Structures are given as structure tokens and as C-alpha cells.
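This report describes selected features of one protein structure for a reader who is new to the subject. Please keep the sequence and the model in view while reading.

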Amino acid sequence: MKSMVFVAAMCLAAVYRVQALPVTWNEAELFRMPEVYSAADYVPGGITNGVNVAFLEGLPFKGRPTRDFVYWGVPKTSEGTKVPAMVLVHGGGGSAFHRWVKFWNDRGYAAISMDLCGCVSGNVWGDEMRNHKPHPWMGPGSSCGGFAFVKEKPEDQWMYHAVGAVARAHTFIRSQPGVDATRTGLTGVSWGGIVNCVVAAVDGRFKFAVPVYGCGFLYTDSASWWHRDGAKKGARGRREIWSPLWDPMNYLAEAKIPVHWLDGTNDQNFSLPSLTSSYELVPTAKSLAVRVRMGHSHGAVSEQAKEVIALADHYLKGAPALPVLAPAVVKNGTATAAYKADVRLPVVKGTLDYTCDDSAWWYSNRWETVSAEVTGGQVRAAVPAGARYYYLNVESANGLRASTGLVSVPAP
């Protein structure tokens, strides 16, 4: 049954491939340089970790002005030298994080992290997920997603404002002295990854996007969201309004920039069928990196993931490209995928991750790993007996991973 669901999701991806964006965006307003306001009085304890703090002018909400709380920084450089920049999008329970900005500043990047929920970040050092406080200029909603506003017109809904906050922050950081406006990247965590997917179709000024966890197809039958709250009272009406407007499956086929995902097999919020269907839609350069039982959270696991760093260094600093895998094919019980790798970052290892489980609660399936042969630009492995789902991986010497999309094995 689940195999059929996955195939259906892939067919749905093909349907959405030809659709135009469901929302009209005023690009002149979206990309306009925002007004900048002091936020010094709103910083808890005055602690900024050595980065800057401000309010940026947001998009109007129901006709009134809004502001977005941001942390931002530009590392010191020699005169005449310009640095690339990263735009950082938080997930549920998050806000603007000065630690995230500081991490990228220390790596030689300008960076900006904006709040998407009308709050000032609590930013207690070591406990940055707590004590976010609403401010007087908030827009729609104090939590990610803004489902409470789905009956408003699109420009008064949460996702519209989240995309606006990202675009305005992008305009702001690329205008700062010492920043190379032609070298900017985007990454986001969970809900921030969902926003990444939408922004990829709206803001073509970025060089690339790396959604960590977040993808589309959130309410298809194989999706984690469906099994978590699909039967709850009120959820059906909510998703029937929200999904056609904001689910990334409506945007990814129109992506203007490369999109590269990082996620885990047992993510409770984003299933591998949803992730693979999202990946298949992207018409630009793209890749997947899937890790067995990767945790879902803010912090080092997502904000400082080595694939995200390597992609930024590649697109913005000319470092070696990560390996890229073609779709896996199976013949006589052996799965094979061709790959391309930068000669400066050769592939040294291959694996096949698989599960014999077939639970509708996707994140409860148990995954195992077997070695795969890497030779002649291909990675191959025998599909273990009883496997219901699998994908192939290649890795470089420093552990950077590339994965194929999920492959479904028909039930016997």
C-alpha cells in the first residue's frame, strides 16, 4: 500500500510541475531596501555576542506597518575586500539567533538571522529557544506557519510575511559595506526550510538554498503531517486552504536557484517520500543528503551541518563541489546510481541505507546500512532481502554525503 502512495506522490509531483505560482508577488515592494530602526532596547541583557541588532521594516499587515527583529554581522576584512553573505531562517520555536550569525561571521561570511513570528529573540546564552517576546510591530502570528490566519487574503498570511522578511533581510545584508552582493546563500531549518523552498522560486538573487528538513507535499498520504494531525478537528479545512497557497510543492518546479536538501530517515516532521517528491520537482541544480536517524532540532546538527558549510564554500568561495548522484536504478536485485564528483573532492565510500519496515508512521521505521561498491563513476549494492525502501549514498573523505531519492520496493 505504501509503495502505491509513494508512486502517487511522484505522480502528483509531475502534476504540480506545470503549475504557475499560486500567489502574485510585488517584487518591487518585496525587494525594496527596508527602513532600519534601533532594537537596542529590546536585546535581553544587552547581549549580542559581538553582532549587530536592528528592526527592519517588514511588509504591511492589514494596512499597518510591521517590523522584523534581526541579528546581523559582517566580519572585518582588509580594505577593498568583500565577503559573501548567508541569510539564515529559523524554524518552529526559533527566532533570530545571534549564535548563528556569529558562526558564519567566524567563517568569513556576512550573515543575517531574522525573526519570522513578530517576536524579539529571548537569546539566553545556551538556551536560545526560550523567552521570545512579541513586540509592538508584529505581523500575522506569534508561531511559525500562521495557520490561524489562513482565511485572510494571501498578503496578510504568515508565509507571505515570512518570505517578505527573508527577501528584505537579503536586500539589507547585501547592501552593507564589505559585502559582495553577487555572492549570497540561503539556508533554513524545519519551517525555515519550508520558507527556503518558497523563496527559491521568488528571489533569484541567491546563488543557492539549503533547506534542512523542510520540504513540500506536507499533507500527502505518506507525509508525517498527515499522520500527525490529518484527522484532528479543523485540520482538514486548514490544510485545504493553506496547501494550495503555500505548500512548497506549488513552488519548487519554478525554483530559480539550486536547491540542496539535508534530512534524516526518521524525521518526525518531513517524510522521505515527501522529501523525494520535492527534490524531483526542482529544475535547477539539486542534491540530497540523507542520514540515518539524524536528529531534528536547531543547533549544531542543522545550523552547522558540514554539507551546508561545504555548499556555501562551493557556491560563494569556489571550493570543490559536493558529489551529485543520478537516480538509482535496480536490475537483478542490484541497485546502481551514477555520480559526478569534483576531482578535488573525490568519492571514497558508498553505502545503501534501507528499511524492511512499512509503517504508515514513517518516522518509526528502522533503518540499516550496508556497504556499496564505488567504481567507474557508479555506486552499486545488492538490495537486501526484505527491503521495502532504500537509497544509495556516496561520501567524500571528509564525510560529505550525497544520496539518491527514495526507492520503493513492490510488496511481494
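In this predicted model, the second largest cavity is lined by Val210, His260, Trp261, Leu262, Ser287, Leu288, Ala289, Glu307, Val308, Leu311, Leu322 and Arg401. The elements that contribute two or more residues to this lining are strand S10 (259-264), strand S11 (286-291) and helix H10. The space within the second largest cavity comes to about 50 Å³.

**Cavities**

How many cavities of 30 Å³ or more does the count give? The count comes to 3. The largest cavity holds about 140 Å³ of space. Its lining has 21 residues, and those closest to the centre are Asp68, Leu116, Gly139, Pro140 and His161. Strand S3 (67-73) and helix H4 (158-174) each supply at least two residues of the lining of the largest cavity. Helix H4 gives the most, with 5 residues. The table sets out the two linings by residue class.

| Cavity | Nonpolar lining residues | Polar lining residues | Charged lining residues |
|---|---|---|---|
| Largest cavity | 10 residues | 8 residues | 3 residues |
| Second largest cavity | 8 residues | 2 residues | 2 residues |

**His260 and helix H10**

Two contributors to the lining of the second largest cavity may now be examined in turn. His260, one of the lining residues, is found in strand S10. Is His260 buried or exposed? His260 has a relative accessible area of 5%, and it is therefore buried, the cut-off for this class being under 20%. His260 and Ser287 lie 27 residues apart in sequence, but their C-alpha atoms are 4.7 Å apart in space.

Helix H10 comprises residues 306-317, 12 residues in total. From its first C-alpha to its last it reaches 15 Å, close to the 16 Å expected at 1.5 Å a residue. The buried residues of H10 are Glu307, Val308, Ile309, Ala310, Leu311, Ala312, Asp313 and Leu316. Among them, Glu307, Val308 and Leu311 also line the second largest cavity. An α-helix has 3.6 residues a turn, so residues three or four places apart point the same way. After H10 comes Gly318, whose phi is positive, near 80°.

**Strand S8 and its partners**

Strand S8 spans residues 179-189, and because 8 of its 11 residues are buried, it is largely enclosed by the rest of the structure. Strand S4 (residues 83-89) runs parallel to S8 and is joined to it by 6 bridges. In this pairing, Val83 stands opposite Val179. S8 also pairs in the parallel sense with strand S9 (residues 208-212), over 5 bridges. Here Val189 of S8 stands opposite Val212 of S9. Between S8 and S9 the chain passes through helix H5 (residues 191-202), and this β-α-β crossover is right-handed.

**Positive phi angles in loops**

Two residues other than glycine have a positive phi. Arg293 has a phi near 55° and is placed in the loop between S11 and helix H9 (300-303). Asn332 also has a phi near 55°. Where is Asn332 placed? Asn332 is in the loop between strand S13 (329-331) and strand S14 (334-340). With 74% relative accessibility, Asn332 counts as exposed, because the cut-off for that class is over 50%.

Note on methods. Residues are numbered from 1 along each chain as its sequence is written. This is a predicted model: local features need pLDDT of at least 70, side-chain atom pairs count only at pLDDT 80 or more; totals for chains, interfaces and linings use all residues. Side-chain values use heavy atoms; hydrogens and water are left out. Helices (H or I, at least four residues) and strands (E, at least two) are DSSP runs, numbered from the N terminus. The expected span of a helix is 1.5 Å times one less than its number of residues. Buried means under 20% relative accessible area, exposed over 50%, partly exposed in between (1.4 Å probe, protein chains only). Two strands pair if DSSP finds at least two bridges between them. A crossover is right-handed if, with the strands pointing away from the viewer, the path from the first strand over the helix to the second runs clockwise. On a 1 Å grid over the protein atoms alone, a cavity is a set of points where a 1.4 Å probe fits but cannot get out, and a pocket is an open set with protein on both sides within 12 Å along at least five of seven lines; lining residues have an atom within 4 Å of a point. Grid points are joined across faces, edges and corners, and a volume is the space filled by probe spheres set on the points. Ala, Val, Leu, Ile, Met, Phe, Trp, Tyr, Cys and Pro count as nonpolar, Asp, Glu, Lys and Arg as charged, and the others, Gly among them, as polar.
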